[in-house]
Amino acid sequence: RHEKSMLFHSTPVKPESLEDLWENLSLKPANTLQVNISDSLSRRVINEVWQEQTIARLLQLVDLPLLESLLEHQEIRPQLPQPRKGTGYVITSNYLDREILKAFSDSQTDEWLSAAIDCLEYLPDHMVVDISRNLPDQPDKADTWKLLLFENIGRYYSQKKEPLLSHASEIHSGIAELLVNGKMEQSLEAVQLYLKLLDSQVREEFRRLLYFMAVAAHSSELKLQKESDNRMVVKRTFSKAIINNKTLSRGKTDLLILFLVDHQKDVLKIPGTLHKMVSNKLVALQKGQDPSKITGYTFCQKLDEREYRSNTEKTTKDELLSLLKAIDEDSKLSDKERKRLLGQFHSSNPSIFMQYFGDRVTNMCV
């Protein structure tokens, strides 16, 4: 970490934005076979493209009325427990307790135990100390140890004030609506895109917790509560730590939480569509193309200004002719009313009027 920090902070180079890059790029196309993206584009530009394209694709899948929560999403700093300053028995003890737990986890082949102990990295020292002091001294006490772990991890996350998925909460409703309508493939991709926007540290904590939830929820594991299904116990215990959105109904929240647990192996993958969008844009940027014209996705067909004006004029003319025909052929109109409407049309659009009636125009009373 120290070496990486020195690497990123030792070079006094002003970071580029997409706008800076466009101003300085050569318009001469580059040979893509000989271009190394990581060498020619700054890390900041690459990150901006990833975020921009992720949001763009997400907006294709989810109906989102507001963009502020996405566009203003800022990086959250790591929240891992950090050693306190000073020395003494307590600090050394905390450190040793964590090391003991890690060593215990490494010695186990039990997926349940390993997943649970990985989550302890985010728990405060006093809880870790209490857990480590109660390590089982006999193999037949494994279930007691697991229940102790589940209870402590659950208690910590039930008291956590800020849910892990608190950013852009408007998206929760959109994804839940996709689930309600049975659009599972779109739901999965939308979740993957949404989680891609997470800060890396929060994403890692979420990954560990969701993995533990998925393992603990499995019916073949030990019974967490005698009269409840493991899956429901896991949902009740950790729901608010994942999503605590007051605008989302209880039913939709439960649906979303269970979807995350059931698709734990896939939700943190990067969609192939996004990979392609990002790749296309980065290559195009290297070629010196205008970044504002490189979307990687299409909401509508692009037209140049001349074609746009031509299409506009043609469409307007066709609609006016259609209107004039409707007036002329409407049998429900009285002669007086038809004459009045035709007169209004002639005064505002004489050329269309002449084109429609042709030789008959001399016989029209306008």
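Reader: What makes the crossing of H16 and H17 left-handed or right-handed?
Author: Happy to explain! In this predicted model, H16 passes H17 in a left-handed crossing. That name applies because the near helix is turned anticlockwise from the far one by less than a right angle.

Reader: Why are H16 and H17 called roughly antiparallel?
Author: Look at the angle: the axes of H16 (residues 305-329) and H17 (residues 335-348) cross at roughly 160° and come within 10 Å. Angles over 145 degrees count as roughly antiparallel, and therefore this pair earns the label.

Reader: Which residues make the contact?
Author: H16 brings Leu320, Leu323, Leu324, Ile327 and Asp328, while H17 brings Arg338, Leu341, Leu342 and Phe345. They divide into 7 nonpolar, no polar and 2 charged residues.

Reader: What makes H4 and H11 roughly antiparallel?
Author: Try the same kind of check. H4 (residues 43-61) and H11 (residues 184-196) pack at about 150°, with axes 9 Å apart. The cut-off is over 145 degrees, so H4 and H11 are roughly antiparallel to each other. Their crossing is left-handed.

Reader: Which residues of H4 and H11 are in contact?
Author: Among them are Trp50 and Arg57 of H4, and Glu189 and Tyr194 of H11. The contact of H4 with H11 divides into 6 nonpolar, 2 polar and 3 charged residues.

Reader: How many helices and strands does the protein chain have?
Author: There are 18 helices and 0 strands.

Reader: What share of the protein chain counts as buried?
Author: Of its 366 residues, 37% do, the cut-off being under 20% relative accessible area.

Notes
Residues are numbered from 1 along each chain as its sequence is written. This is a predicted model: local features need pLDDT of at least 70, side-chain atom pairs count only at pLDDT 80 or more; totals for chains, interfaces and linings use all residues. Side-chain values use heavy atoms; hydrogens and water are left out. Axes are lines fitted to C-alpha atoms, for helices over the stretch in contact, and angles run from 0 to 180 degrees between N-to-C directions. Helices (H or I, at least four residues) and strands (E, at least two) are DSSP runs, numbered from the N terminus. Angles under 35 degrees count as roughly parallel, over 145 as roughly antiparallel, 65 to 115 as roughly perpendicular and the rest as oblique. Contact means heavy atoms within 4.5 Å. Ala, Val, Leu, Ile, Met, Phe, Trp, Tyr, Cys and Pro count as nonpolar, Asp, Glu, Lys and Arg as charged, and the others, Gly among them, as polar. Buried means under 20% relative accessible area, exposed over 50%, partly exposed in between (1.4 Å probe, protein chains only).
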